[in-house]
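Work through these exercises with the sequence and the 3D view side by side. Try each task before you read its solution.

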Amino acid sequence: MSTGRPGLCPDCRKRARRVHSSYQRALDERPLSSRRVVVRLRVRRYFCDRSSCSRRTFVEQIAGLTERHSRSSTGLTGWLQSIAVELGGRPAARLCRRLRVAAGRTRLLRLLTAPPVQDRAPRVLGVDEFAFRKGCAYGTVLVDVEAGRVVDVLPDRTSETFAAWLTEHPGAEIICRDRAGVCCPSCAGRPATDRCRFPLFSHGCGSRPHKP
């Protein structure tokens, strides 16, 4: 059972004085020698006595171990997030099975957070389409070719969506794309080899644009 100081209300940050009740949580922890580890912890629910606070009760969180609405320890959650970032969905799920960690691809993908989108587009912007679901739904990925990182993901592959993104994020001097990809709106109707300064580039994010 937790024996630390009474917790702080997550809304008003007032330290609690009265215990409402307690209950047991079961948290998955990082495996030990290929054995599954489960932490069983009894935590306390407190009253919030501040009259101006809308929250009446709250559950204490143990620093470095628990998070709200999570069935995994913070250590395991960080571990799974790192695996998901490196491998994606299904490959990450296969690795977790080998490590004796119960985590499916849906759970792993939920751990991924979108990177912040800059106000301005990179100087050399790479554009390519990809399939959310092959044959059904497609999107557009935007890449900073010089930095070798993903800038943003658009929900479809239409030139109108891309044009709206360029309007909101000015600054692109060179747009790189393949011949079948989304074209920049100012180049619509022109031959593929004339539409952009460097119309072809390798699909590797770290590649440099090159002339055909």
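**Exercise 1. Check the length of helix α1.**
Task: Does the end-to-end distance of helix α1 (residues 74-87) agree or disagree with 1.5 Å a residue?

Solution.
- Step 1. This is a predicted model, and helix α1 has 14 residues.
- Step 2. The expected span is 1.5 Å times one less than the number of residues. For α1 that gives 20 Å.
- Step 3. The end C-alpha atoms of α1 are 20 Å apart, so the distance agrees with the expected span.
- Step 4. Look just past the helix. Gly88 follows α1 directly and takes a positive phi of about 90°.

**Exercise 2. Find the two sides of α1.**
Task: Which residues of α1 are buried, and what covers them?

Solution.
- Step 1. Buried means under 20% relative accessible area, and exposed means over 50%.
- Step 2. By that cut-off, the buried residues of α1 are Leu76, Thr77, Leu80, Ile83 and Ala84.
- Step 3. These residues cover an arc of only 125° around the axis, so they sit on the same side of α1.
- Step 4. Turn to the other side of α1. Val85 and Glu86 are exposed there.
- Step 5. Now find the cover. The buried residues of α1 are covered by parts that include β1, α2 (90-98) and α3 (105-110).

**Exercise 3. Place Thr74.**
Task: Which residues does Thr74 touch, leaving out residues up to four places away in sequence?

Solution.
- Step 1. Locate the residue. Thr74 is in helix α1.
- Step 2. Classify Thr74. Its relative accessibility is 23%, so Thr74 counts as partly exposed.
- Step 3. List the contacts. Beyond four places in sequence, Thr74 touches Gly64, Leu65, Thr66 and Glu67.
- Step 4. Compare sequence and space. Thr74 and Arg30 are 44 residues apart in sequence, and their C-alpha atoms are 9.7 Å apart.

**Exercise 4. Build the open sheet.**
Task: What is the strand order in the open sheet of 3 strands, and which are its edge strands?

Solution.
- Step 1. The order is β1-β2-β3, and the pairing is antiparallel.
- Step 2. β1 (19-32) and β3 (57-59) are the edge strands, as each pairs on one side only.
- Step 3. From one strand to the next, the twist averages 20°.
- Step 4. Count the bridges. β1 and β2 are joined by 11 bridges. Strand β2 (residues 35-47) and β3 are joined by 3 bridges.
- Step 5. Pick out bridge partners. Leu32 is matched with Arg35 in β2, and Phe47 with Thr57 in β3.
- Step 6. Inspect the hairpin of β1 and β2. It has 2 residues between the strands, and Ser33 takes a positive phi near 55°.

**Exercise 5. Examine Asp28.**
Task: Is Asp28 buried or exposed?

Solution.
- Step 1. Asp28 lies in strand β1.
- Step 2. Asp28 has a relative accessible area of 16%, so it is buried.
- Step 3. Check its neighbours, leaving out residues up to four places away in sequence. Asp28 touches Arg36, Val37, Val38, Arg71, Ser72, Ser73 and Leu76.
- Step 4. Link back to α1. Leu76, among these contacts of Asp28, is one of the buried residues of α1.

**Exercise 6. Read strand β7.**
Task: Which way do the residues of strand β7 (residues 174-177) point?

Solution.
- Step 1. Start with the rule. In a regular strand, side chains alternate between the two faces of the sheet.
- Step 2. In β7, Ile174 and Cys176 point one way, while Ile175 and Arg177 point the other way.
- Step 3. All of these residues are buried.
- Step 4. Find the partner strand. Strand β4 (residues 124-133) pairs with β7 in the parallel sense, over 4 bridges. Gly126 has Cys176 as its bridge partner in β7.

**Exercise 7. Look for disulfides.**
Task: How many disulfides does the structure hold?

Solution.
- Step 1. The count is 0 disulfides.
- Step 2. Test Cys48. Its nearest cysteine sulfur belongs to Cys12, 3.6 Å away, and Cys48 is in no disulfide.
- Step 3. Test Cys53. The closest cysteine sulfur is in Cys9 at 3.8 Å, which is too far for a bond.
- Step 4. Apply the cut-off. A disulfide needs the sulfur atoms within 2.5 Å.
- Step 5. Check burial. Cys48 is buried at 7% relative accessible area, and Cys53 is buried at 5%.

Notes. Residues are numbered from 1 along each chain as its sequence is written. This is a predicted model: local features need pLDDT of at least 70, side-chain atom pairs count only at pLDDT 80 or more; totals for chains, interfaces and linings use all residues. Side-chain values use heavy atoms; hydrogens and water are left out. Buried means under 20% relative accessible area, exposed over 50%, partly exposed in between (1.4 Å probe, protein chains only). Two strands pair if DSSP finds at least two bridges between them. Axes are lines fitted to C-alpha atoms, for helices over the stretch in contact, and angles run from 0 to 180 degrees between N-to-C directions. Contact means heavy atoms within 4.5 Å. The arc is that of the directions from the helix axis to the C-beta atoms.
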